[in-house]
Amino acid sequence: MRRRVVPAAFLAVAALAALAGCGSDAGSGGKTEITFWDTNAGPSRTPIWQHAIAEFERANPTIKVKYVGIPIAQAPQKLDTAIAGGGVPDVADVSTSGLANLVAQKALDPVDDRISKNPALTGKFNEALLTTVRNVVPDGKTYIVPLSTNAGAFWYRKDWFKEAGLEPPKTWSEFFTVVDKLTKPSENRFGFTIRGGAGSIAQMLEVVYGQSGITEFFDAAGKATINDPRNVTALEKYAGLYKKNTPEADLQNDYVKMVAQFDTAGSIAVMQHNLGSYQDHIKALGPDKVASFSVPKSDSGTQAVLSNPVGGVGVFSAGENKEAAFKLAEFFASKDIDGYIADKTGVIPANTDVQGTQAAHIVEAQRVLNDPATKVVQMPYHLPEFNEITKTWAEPLFQKVLLGELTAKDFLDQLAAKLTEAQAGYKERHG
Amino acid sequence: MRGARRWQIYVPLGLYLLFTLVPFYWMLVFAFRPRGSTSIVPWPITFEHFDTVWNGMGFAVFFQNSLLVGLASLVATTVVALAGGYALARYAFRGKAAFMVGMLCTQFIPGALMIIPLFEIFRTLSLTNSLWSLVIAETVFQLPLSLILISGFIRNIPYELEQAAWVDGCSRLRGFLAVVLPLLRPALVAVGSFAFIHSWNNFLFALMFINDQEKFTVPVGLAYNLGENSVDFGALAAGGVVAALPVVIVFAFIQRYLVQGLSAGAVKG
């Protein structure tokens with residue numbers, strides 16, 4: 001008996017001793033150490049940030065940056081826990097979609113002063129992006145150093161379009177025609193994959209406002225425009241694609257399932273997403289088989305696109321090494337590094353000095369964004385309830401619309417009522 | 001009649017196996033087939049995804065961390081449950097029934113609810129960002145069920161066996177070690193394996209209490225593969241194989257004891 005117990009006890013002691021070793025922090029050799037949280041970590045993004053950090057450490061030998069990658073799905077919870085319980089990072093990449101929540105908790109320091117005192121950054125940011133960043137928060141300050149923005153993109157199979165003698169659609173009428181022509185269920189080919197699961201509402205809004213050409217999310221009286229009859233018609237057309245030109249399983253489609261069908265199974269002709277999925281498509285299908293087109297114009301000729309979240313880096317007010325943290329944020333936004341990050345992640349850089357060899361899909365997205373005729377529908381990221389309304393509340397109802405259990409009009413009427421109420425509450429609180 | 005019985009047994013079993021194993025098969029297909037392939041068999045075989053997760057994504061470190069946390073949780077849970085389970089089975093004390101009810105009640109509290117209080121406690125103890133925090137949290141969450149199982153098992157061992165050992169001159173501890181402990185092997189295997197597997201699979205604690213890339217565990221590493229703008233199915237599947245392997249091996253060795261331990265512990269003494 002003793003012979004069995006003694007080795008087990010040694011094993012336990014050895015394991016605990018090893019744990020104790022793992023629990024201690026390594027010294028940083030007298031350098032200032034700051035922590036950077038990447039809130040969308042993954043195999044394709046992590047090396048990009050790590051390269052940028054290595055460049056920063058080379059330029060600032062007295063500062064050491066500790067990179068921590070957080071999976072995107074759990075990032076808000078991790079940040080909220082750190083804010084509530086202590087232990088926030090010095091710097092993190094933050095998108096405008098989550099910025100209002102962080103600012104409401106007084107977690108971030110404004111960066112206006114730092115930008116205005118830095119000649120390398122003053123006046124270098126795309127004004128539209130700065131406006132989006134400031135519109136999100138009630139005090140109109142800039143709480144992230146903007147790095148990039150995204151844009152809606154429709155990824156399509158170049159080889160299938162060529163086979164069928166089709167051109168990428170320029171208008172929504174052309175879009176529906178093309179999608180229909182490319183649907184061949186007997187060959188397990190579908191013209192489109194509709195996002196029916198997590199994240200469905202943003203894509204639905206893009207298609208609806210794109211078709212209707214309506215350019216404001218709220219009218220002058222603060223009433224949501226989402227249930228305008230033109231939007232109702234647009235949603236009916238969009239939902240009509242389900243099962244006719246899409247697989248039936250699309251009801252549960254999130255990003256992962258869409259990519260699985262488009263990239264891996266190879267059964268989809270057109271997939272709606274944004275510029276950010278470029279790397280996945282190129283890795284899986286190669287540049288000869290895949291390309292993107294922008295949100296088509298409405299049949300009346302208006303190009304209406306949704307304002308996309310702006311990505312940037314925020315400096316946490318509870319951080320102990322603010323100077324080093326601000327330096328890192330400014331370094332990421334500098335011309336060379338911002339250009340590098342935007343190029344590698346396939347998004348539009350915020351620094352207007354960034355030039356150079358950019359991929360075709362970025363050039364096309366920039367053309368649309370910079371075209372004076374393009375109307376940008378400002379999404380209400382400033383509403384604290386926006387995420388809850390569009391995710392928890394609206395996603396299951398949108399599935400009912402796809403299944404024909406709820407009419408497009410009823411759904412949009414209810415959605416409009418929720419958004420109008422939230423906007424009224426916001427106005428009341430902040431004037 | 002005999003043929004009909006076989007049919008009734010094997011067809012549902014076969015269907016169930018098919019239902020269970022198809023996802024595993026797909027995991028293996030994605031893990032071993034080359035990037036860009038749409039083949040339904042993993043041929044030609046490639047190990048590039050394993051190289052990506054093991055060397056490129058740091059699974060070598062995550063695996064080591066998970067193993068350390070799993071083993072430490074296993075030891076801590078088993079030792080404490082053994083001592084506590086013995087006390088619950090053999091001693092009568094005031095508040096015993098209420099204590100048992102209290103332990104059962106803790107099973108209804110989701111771990112996510114405890115994250116912020118636990119985070120604050122660990123921060124006060126300077127244990128955040130340490131693998132110790134995971135071991136302690138795991139042990140605490142595993143203990144109630146483990147205590148109930150072990151105490152149920154000990155109750156089934158005749159008290160007379162211990163009393164006979166005392167008559168022969170053994171102390172209470174010596175009697176326990178020499179007579180009771182050998183009979184508890186199935187229960188120890190059940191409790192230890194549950195503790196190990198639970199801590200091996202736990203994602204939330206590792207993500208919340210650890211702020212250092214080198215201290216994350218395997219489930220956190222797996223989550224890296226699911227981004228809004230990046231999904232690497234090959235790496236995800238290879239990571240899944242790495243994560244599942246220890247659990248499969250543990251189950252293969254212990255399943256005999258596990259059934260015995262669970263059923264014996266479930267009987268009221």
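So, burial in chain B: of its 269 residues, 40% count as buried. Keep in mind that this is a predicted model.

What is chain B built from? Helices, twelve of them, and zero strands. If you read along the sequence, you just get α-α-α-α-α-α-α-α-α-α-α-α. As for dimensions, the C-alpha atoms of chain B fill a box of roughly 70 × 70 × 35 Å, and that's taken along the principal axes. And here's one on contacts: take the pairs in chain B that are at least 6 apart in sequence, and 78% of those contacts join residues at least 24 apart.

Okay, on to the interface. Here 42 residues of chain B are in contact with 41 residues of chain A. Quite a list of helices each supply at least two residues to the chain B side: α2, α3 (59–90), α5 (115–124), α6 (131–155), α8 (172–183), α10 (204–209) and α12 (233–266). Which helix gives the most? That would be α5(B), with five residues. And if you sort the chain B residues that touch chain A by type, you find 23 nonpolar, twelve polar and seven charged.

Now some backbone oddities. Just as background, most residues other than glycine have a negative phi, and most peptide bonds are trans. We have exceptions on both counts.

Start with the peptide bond. Going from B:W43 to B:P44, the bond is cis, and omega is near -5°. Where does that proline sit? B:P44 is in the loop between α1 (2–32) and α2 (48–56) of chain B. Remember α2, by the way: that helix was on our list of those supplying at least two residues to the side that touches chain A.

Then the phi angles, and for those we switch to chain A. A:K106 isn't a glycine, yet its phi is positive, near 55°. You'll find A:K106 in the loop between α4 (96–104) and β4 (108–109) of chain A. Buried or exposed, this lysine? A:K106 has 10 other C-beta atoms within 10 Å, and the cut-off for exposed is 12 or fewer, so A:K106 is exposed.

The other one is A:N188, again not a glycine, with a positive phi of about 55°. A:N188 also belongs to a loop, the one between α8 (172–181) and β7 (190–193) of chain A. Its count is 11 other C-beta atoms within 10 Å, so A:N188 comes out as exposed too.

To recap the odd spots: a cis bond at B:W43 to B:P44, a positive phi at A:K106, and another positive phi at A:N188.

Methods: Residues numbered from 1 in each chain as written. Chains lettered and ligands numbered in written order. Predicted model: local features only at pLDDT ≥ 70, side-chain atom pairs only at ≥ 80, totals over all residues. Helix = DSSP H or I, 4+ residues; strand = E, 2+ residues; numbered from the N terminus. Buried ≥ 20, exposed ≤ 12 C-beta atoms within 10 Å, placed from the backbone. Contact = placed C-beta atoms within 7 Å. Nonpolar A, V, L, I, M, F, W, Y, C, P; charged D, E, K, R; others polar.
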